[in-house]
Structures are given as C-alpha cells and as structure tokens.
Amino acid sequence: MGGRPARPGPALLHTQITRLRRRLQALDPDVRLEHRSGAYVLVADPEQIDYQRFRLLRAQAWSIAASGDPAHAVRLLREAAELWRGEEPLTGVPGSWAEMARRTISEELLGGALDRVGLELEDGRHAEVAAELAGLAARFPYDDKPVELLMLALHRCGRSGDAVQAYERLRRRLDAELGLSPGRDTAALHRRILAGDPALLLADRPRPERRPPNDLPRDVHTFTGRAAELERLTALAEDGEGAVAVLALDGMPGVGKTVLAVHLAHRLAARYPDGQVFLALHAHQPGREPLDPSSALERLLIKLRVHRDRIPPGLEDRAALWRDELAGRRVLLVLDDAVGNEQVRHLLPGAPGCLAVVTSRRRLTGLDAARPVSLEVPAPGEAAELLARVAGGRVSADDPAVREAARLCGHLPLALQLAGNRLLHRAAWTAADLAQRLREGGGRLAEIRAENRELTAAFRLSFEDLGERDRDAFRLLGLHPGDDLTAADAAVLLGTSRAGAEAVLDVLLDHHLLSERERGRHRFHDLIREYAARLAEDVPAPERDAAVERLLDHYLATAGRADRLVHPADGRPADPPPAAGEPPGTPEEARRWLADETGNLLRAAAYASESGRPAFAARLAAVLGRYLEGAGRWTEAAALHERAVTAWRALGDEGEAVRALADLSKVAWRTGEYGRALDAAGEGLGLARAREDRRSTAVLLNQHGLIHWHRSEYDVATGYFEQALAIHRERGDDRGEAEVLNNLGIVLWHLGRYDASAGSLRAALALYEDAGERRGRQVTLSNIGFLEAGLGHYDTALDHYRRADDAIEMRRQDRAIWINNVATVYRKLGRAGRAIEEYRKALSIYREIGDRRGECDSLNHIGACFAELGRDGEALIHHQKALNLSRDLLERFEEAAALRSIGEVHLRAGRHRVAAEQLEASLGLARAIGDAYQEARALDGLAEVAAQTRDEARARSHRRRALELYDALGVPEADALRARLLGPSDASGA
C-alpha cells in the first residue's frame, strides 16, 4: 500500500449522499439529489439558483428594453446585480474547472453591469454612472469596454480631459503589461473626443429633419445696462459641472425679468444649436389660472415638433417624454412668469447640455440645483440711459430732467419704456414736460413700489398718448377672454373692417401695448391686459355687451364651419362662412384653425359661463366636442360637456341636455371612467325616453352597450345593443343600425357566438357600403378579419385587413388595432418573430396615444409569441405587465388572458401548484364574463396540470369539457385537443 490512503468504497459514498439529501431536504423540499445514468444530479428550480436567475433577469432585461421600456430593463439588471455576493464567484474552490467557471461568471457579471450602464447612458445619466464605471475599469484593468463607457460618460459630463487621460492610462497599461493596444472601438472613441465630434453629445439620436425650434421673442433694441447681471448669469450658465444649468430670475413686477432673460437667451443662442424655446407660464395673468405643469409640458413637446398623438395624458409620463426628447440635445429654455417650484420642477431638462432660465415674482428657494439671481431696479444712471434710449436719442441721460423723470418712474424698466415711448411720439415735449406730467399723477408712481398700482400709472401714460379711435379700441380689446387674438378677432370685437383692425393693432404694437410673438397673433402683456380690462368697465354696458356677443357669435360660427369641414357627418354641407375674417374653406384649413384657436375657444366658453351667457358655452361644446375627442384632449372635452349639461339644464332645454349627456358619456368612456360614463348615459336615457326622443334613446342605449362591453359585461351589453338596434330599424336609420351591428358583432364574438357575430358584422358592412360610409366600412372590415383569424381562416382574414387598409387613411388608434390584428395572423401561421415586430409597432402607437387597453392587449400577445419561441422568461415578464395593467383598468377579459398565459408558463416549468392557481383564477373570470373561448383555454391548461400530476380522471374531465366548448365555437384548437384525447393516456383509461 506504501502509505497511500484507501479509496472510499460504495458504502461510504452512499452514506455521504444520504447525509447530503437530508441537508438539502431541510433547506428546501423542492431541491433533490437524484441518481441518473450512473451519476448524481442536483435537481432544483433554476430561479432558486442565483446564477441561473441572474441569466434569466438579464435576458428579460434585453427583451423588455427592445419592447420600449428601458427603465424597467434597468430595474431588472439592478435586481440581477444584487445576486452577486462577495468579490469573486466560487471563492475558495480550487481546481481548473472552478477557475474556468470563475472567469465565465465574472465576465457575465461584468456584462450585466455594462448592459445597465449603457441603458443609463442612453437615458442621460452620465454623471451618475461615471464613478461606477471608474470602479469597474479599476477592477477589470485589461478590459476595454468599462474604459470606453467611462470615456463617453466623462465627455458628456464636460470632462473631456479626464476622458482622454482614462484612455492614456489604459493604453500604457496594455502596452507595458501585455504588449497590446486598446481595441478599435475604444481608439475610435478617443479620436472622436479629441476631434470634438458633436454627435457624441447627441447620444447618436438622428438629427431632426426640420430646423431646430426658435420662438424667442425679439431682443429689444433699447436694452440698456445690466452688465453685471449678464456677466454673472453667463458665468453661472457655463459653470454647469456636468449638470443641467438652471438660472432662476426673481424680482418685482415690471423690473425687467423677461427682457433680461430674452436678451441673455439671444446672447447665448449659438451655444445651444438644438433650439431656443420660450414658454409663458402665466402666474400673474388676471382672469386666468397659471399654466399647470401637464399643459405646459404638452406645449413644450409640441414646440419640439413632437406630434400630439405621441404625448401621453399623465404628468409623469409627459415629463419623462420631455426629458427623453431633450437627452443628448443642447437646448436653451426660457420659462417665463412661474408661480412657484411645483409648476417648474417637471419642466426642467434631465440631462446635461441644456440651459433653463426661469423668471418669477417669487424666490424659487425650493428649486433644487437652481442658481438664484434676484433682479433689482437698475441704478439711477442706467435708468436715465434707458429712458433716453427709448426716447430715440432726443434727450440726454445727463439731463437733470431726464434723471428726475426716471426717478418718478421708480427706475422701473417697464414704466421707463412706456414713458420713453410717449416722449418719442411727442415731438414738442421736453424731458421737463414729461417729468411735470409724472409729478401731476399725485405721487402715483411712488406708490408703484408699494401697492402694485405703479404699472397702472405707467400704462395710463401710454394709453393717453393714443388717438381717440385707438383708445376706444384698446378698451374694447380688453374684453377679449383669450390668450391672443388675430386681426379677424379684433375686427369682430371692434365692429370694423379687417383693414381698420390691422391699423389699430399696428399702433398698439408700436406703443408696446401689444406684442406679436407669432406672425398674425397678437397678445397683451398680462399686466397690460389687466389694465385694459379695467378700462373696459368704463365702456357703456350696451356697447360692451354687443362687442362680446359679436365675438362669441364669430367664434361659434367659425368653429361650427370648421367642425362641418373636418367631420362632414350625414353629408351635411359646411355652414356659410362668418361675415368677418378669412374663415377656413378646406378641411386642412379647418384643422389648422381649430388647432390654433381651441385654447381661445375654451377660455371663451369659460368666460361665457361666468358672465351669464351659458347658451354659448353649451353650443360650443356641440361643435368643438368632436375635434377635442379626435385630438385626444379628453379631459378638456369632458369639462366642456359638463359645462354644457349644466347650461342646458339651467335653460330648461331637455333635448339639448340629452345630447350633451351623450357627449359627456362618450368622452368619459374613452378615458376609462366607466362609472361617470354610465351616470351620464343613464340620466340622458331617462330624459330621452321621457321626451319620446327615439333617436337619442337609441344613441344612449348603444352608449350603454359600449360601456358594459368594455367592462366585460357582455350579456348586459348585448341587451342594450339589441334595444338600440330595434329602434334604429324602426326609424330606418341605416347608419345607426350599422354602428350598433358592428359593436354587437364584437360582443357576440366574446360570447363565443361566432356565427351570429359574423352575421352581425357582415350586415353592418353591407349597410356601410350602401351608404358610402368609408370610415365605418374600414372598421367593420378589420373586425371581420379579426373574427376570421380566430376561426383559423388566415387568408380570408388577411384579405379583409388589406381591404380595410385601402378604404381610407386610418386614424392612429385604428392603425394600431389593424397592426395588432395582422400580427396575430403572423403568430398563428408560426411566424412568432415577425409577429413580435408588428406587435411592438402597435404597442408603440398605443402608448403614444394613451390607449392603455390596447397596450395591455399587445403586451399579452408579445408574451404569447415569446412562449411559442421557448423564451418563457421574456413571456412571463410581458404577461405580468399586462396583468398589472388590466387590473388597473378593471379589464377582466385581458386579465383572464394574462392569468392563463402566466399559468401556462409555470406549467412548462413544472411549478404545478402555482400554474393551477393562475389557471383557476383565469377560469373563474372567463365564466364570470361569459367568454366560452377563454373558459375552454383555461380548462385545457388545467387538464395538462392534472395529467402531469397523474390525476388522469380530472385531466380527462377537463379536456372533454374544453373539447365540447371548442367544437361549439368551431375553432381550430378542437382538432389539437381531440388528438390528445385519443393519445395513450386517455385511451388506456377508457
């Protein structure tokens, strides 16, 4: 034996195996040590093994990032990284296998960290990841990738020198220790940084085709002084240190905050080549609420050329989109007249490279990272210089009378501007004359600094400088309730010709009592607007009321004409053009007019309601409602229809109240507020029946059906649709009948009554074709294609989809549904990869327009495709997201589908208890909503659970019931299940 230890025998090995099994059983009953093919194998759920779970989470992150949710992918990668315990895998385990495994795992851990950092870099979080990348570069000194990402992060933080030094350290280390050079990609990045490649700051996003936005107001030629403030602001803007530069200008009204901010913006514009954007936040505009952050974000996104359909409804989602659009760009943003921190916080860029200049009457002490600059009135010498410059050089700043006049203006820039204009247009006046007139104000300008009345005195100087015609016009223009006005609006309000109105507007522009920030659209400064409104109170009541009535009638007539052009319902011609202005003459002109004027129309409606003119607000809702609904402005539409309902009730017009209630119900249904929608529809239906208004009764019955359909209450919906259908047929209303038949067809499909569904849809199609109604025909063709695809008739389905696509240009929501349906055909034909591409296109549109039910449907379909590709980890994460969303929406059909699919994933993984729980929940929901197809699918899955757990009796029972349902529905799943029923397991038990 020579001293060699004896080799352990089989008995000792069995003893050790037994002990190990006991230890494993105590730790986790689901972890087993099994003997297979002469060897022992450890059997455990892969998700209980850290390494396997890490790989699963990393794969899920790749998938969900590709589906358009990088933030979720980052969270998954962080969760994966938290599984890494200790500095090195398999610490203390010797041998070549352990060393090889250590290298492999370490490389995967590094890859996961770099995946996450790459996504965070794309999200603009360069400063946040720089330190982490430096640590990774130190831990993996011979790997190029951490250094490459570190160089990019440092460069985007404005630390290009540090980026170059990081490269040099890597180059010297590789050369000295390995005789190698940095990789091609790292070397190329080094050259681009040295060359100052601007594309590196754009995160490789494509440059916009159109020129960058620039809507800065003009930089006034009379700007004077403020040298110290400009020097400080410029230095603060440059001293960003890799963060977003935010400058907060605060000061009293009229102190020149806006003028200084605009001058600074023009001065720095060249440094921000991707755009210069100006937005008024209206903190102190009389008669108007400050612009809320959500509306402000909508306007900002539109200024960046983001299509309205892409703008989500929620504040946080809009803020995220805004930050995403700015990431990698250099944009200068001026936010003027902010009410406070909360109004501004969501509007600030999220990544370095941008500059935000915020003005406010309040000190924005709670605005994180902002550089505050409090603006005081200029020094006496600068104030005198400003007054002299505004006066056109007719007087000298050294003249004691000029200094006295400036003092009487309180050295307030706005007062100086207006007073200087008066002196400019009075050739016979001297500076002493101006100072005397200011003194005659009874010390009113001295009160400027105390009671906010100073501006009234300054405004009065300019007002009195106008001729009688222009003074009268200024008063009447103070009655305008909107944000801005056109020459046509002014002509109506003044009761004059367009040429006469343009002449008045030119005078007011010259006197700086109006501004023209956009060509043809004139607006008051908010404080001048208040002054004009006060003067309007002096206009005799009959004249004042007549002017307001003219304006409201003009808005109502033009909006009605635009509505008929955009929505030529029932073939009705557009209303005759209003008497004044240039009304829209084509559908495209009508759309532009509505887009430009909707804000003014909504404010006019609010003004009319508050001033005792409820009929205008109510009638406007009838003509503007369809545009607001189509534009996705559902919240504003709901408020308008609520106002209309209140107005018609007050006026005692039950017929119009019924229409307004129907409109309100439809908008509430769009937003998923089903309770509110039912309340409005119920009240309207009661009124319609009491008035024996058969048409409105049918419309509201159909609306009830739509609401109950989307609540997955299919039997209830069917009852309402059938009642509505009977009335439309009784009245001979083919269009109404077609609409109800189309809706009924989808509900019958959910109930598994496929023959009846097909008959209803084909009848709707025939009616639409007879009427030449292309939009209804398009929707119905798409629905028939969906039905045919469900029955396995894929060629027929695709033919219907092609016909639908050819019918008329699709609306965004209809296009998303069409893409989703075509993708389902690809999936059924075994082309799951192509289907995922199409589903993701639909998902993108759904998210852009805020259709959360459609988003839920696409997520479920994407999950099903991944399951068919054998990628259950990615399938599970998509189904789980669909489940969460469906529960938020109380959408039981999608919830049942998500639960069933999740159960099937667990079934394939051998997690039978969890699978059974999910499938039972799906079965319960399917039965509750009366969906026979969903019920059959859930029973089919439960049968597989029973078969795999050797409960053959239960398996046969579930399969036979599922087969009965499949056969009754006539779907292709029946043949596949029948084949399984005839298999060995069932045959032996027969």
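In this predicted model, helix 26 and helix 27 (residues 634-651) pack with their axes 8 Å apart, at an angle of about 150°. Angles over 145 degrees count as roughly antiparallel, so helix 26 and helix 27 fall into that class. As for handedness, helix 26 passes helix 27 in a left-handed crossing. On the helix 26 side, the contact is made by P614, A615, A617, A618, R619, L620, A621, L624, G625, L628 and E629. Helix 27 answers with W634, E636, A637, L640, H641, R643, A644, A647, W648 and L651. Sorted by class, the contact of helix 26 with helix 27 comes to 15 nonpolar, two polar and four charged residues.

Helix 26 (residues 614-630) also packs with helix 24 (residues 541-566). Here the angle is about 25° and the axes lie 8 Å apart. With angles under 35 degrees counted as roughly parallel, helix 24 and helix 26 are therefore roughly parallel to each other. The crossing of helix 24 past helix 26 is left-handed. From helix 24, the residues involved are L552, Y555, L556, A559, G560 and D563, and they meet F616, R619, L620, V623 and R626 in helix 26. This contact of helix 24 with helix 26 divides into seven nonpolar residues, one polar and three charged. R619 and L620 of helix 26 turn up here, and they are also listed in the contact with helix 27.

Further along the chain, helix 37 and helix 38 make another pair, with an angle of about 165° and axes 9 Å apart. That angle is over 145 degrees, so helix 37 and helix 38 are roughly antiparallel to each other. Helix 37 goes past helix 38 in a left-handed crossing. The helix 37 face consists of A832, A835, I836, Y839, R840, A842, L843, Y846 and R847. Opposite these sit G854, E855, S858, L859, H861, I862, C865, F866 and E868 of helix 38. Eleven of the residues in the contact of helix 37 with helix 38 are nonpolar, three are polar and four are charged.

That brings in the pocket side of the picture. The second largest pocket has a volume of about 1500 Å³. It is lined by 43 residues, and G68, P70, A320, L321 and D324 are the closest to its centre. Two or more lining residues each come from helix 2 (50-66), helix 3 (70-81), helix 4 (96-122), helix 5 (126-139), helix 12 (315-326), helix 37 (832-849) and helix 38 (852-868). Helix 37 gives the largest share of that lining, with six residues. The roughly antiparallel pair of helix 37 and helix 38 thus has both members among the contributors to this pocket. In terms of chemistry, the lining of the second largest pocket splits into 19 nonpolar, nine polar and 15 charged residues.

Conventions
Residues are numbered from 1 along each chain as its sequence is written. This is a predicted model: local features need pLDDT of at least 70, side-chain atom pairs count only at pLDDT 80 or more; totals for chains, interfaces and linings use all residues. Side-chain values use heavy atoms; hydrogens and water are left out. On a 1 Å grid over the protein atoms alone, a cavity is a set of points where a 1.4 Å probe fits but cannot get out, and a pocket is an open set with protein on both sides within 12 Å along at least five of seven lines; lining residues have an atom within 4 Å of a point. Grid points are joined across faces, edges and corners, and a volume is the space filled by probe spheres set on the points. Helices (H or I, at least four residues) and strands (E, at least two) are DSSP runs, numbered from the N terminus. Ala, Val, Leu, Ile, Met, Phe, Trp, Tyr, Cys and Pro count as nonpolar, Asp, Glu, Lys and Arg as charged, and the others, Gly among them, as polar. Axes are lines fitted to C-alpha atoms, for helices over the stretch in contact, and angles run from 0 to 180 degrees between N-to-C directions. Angles under 35 degrees count as roughly parallel, over 145 as roughly antiparallel, 65 to 115 as roughly perpendicular and the rest as oblique. A crossing is left-handed if the near helix is turned anticlockwise from the far one by less than a right angle, and right-handed if clockwise. Contact means heavy atoms within 4.5 Å.
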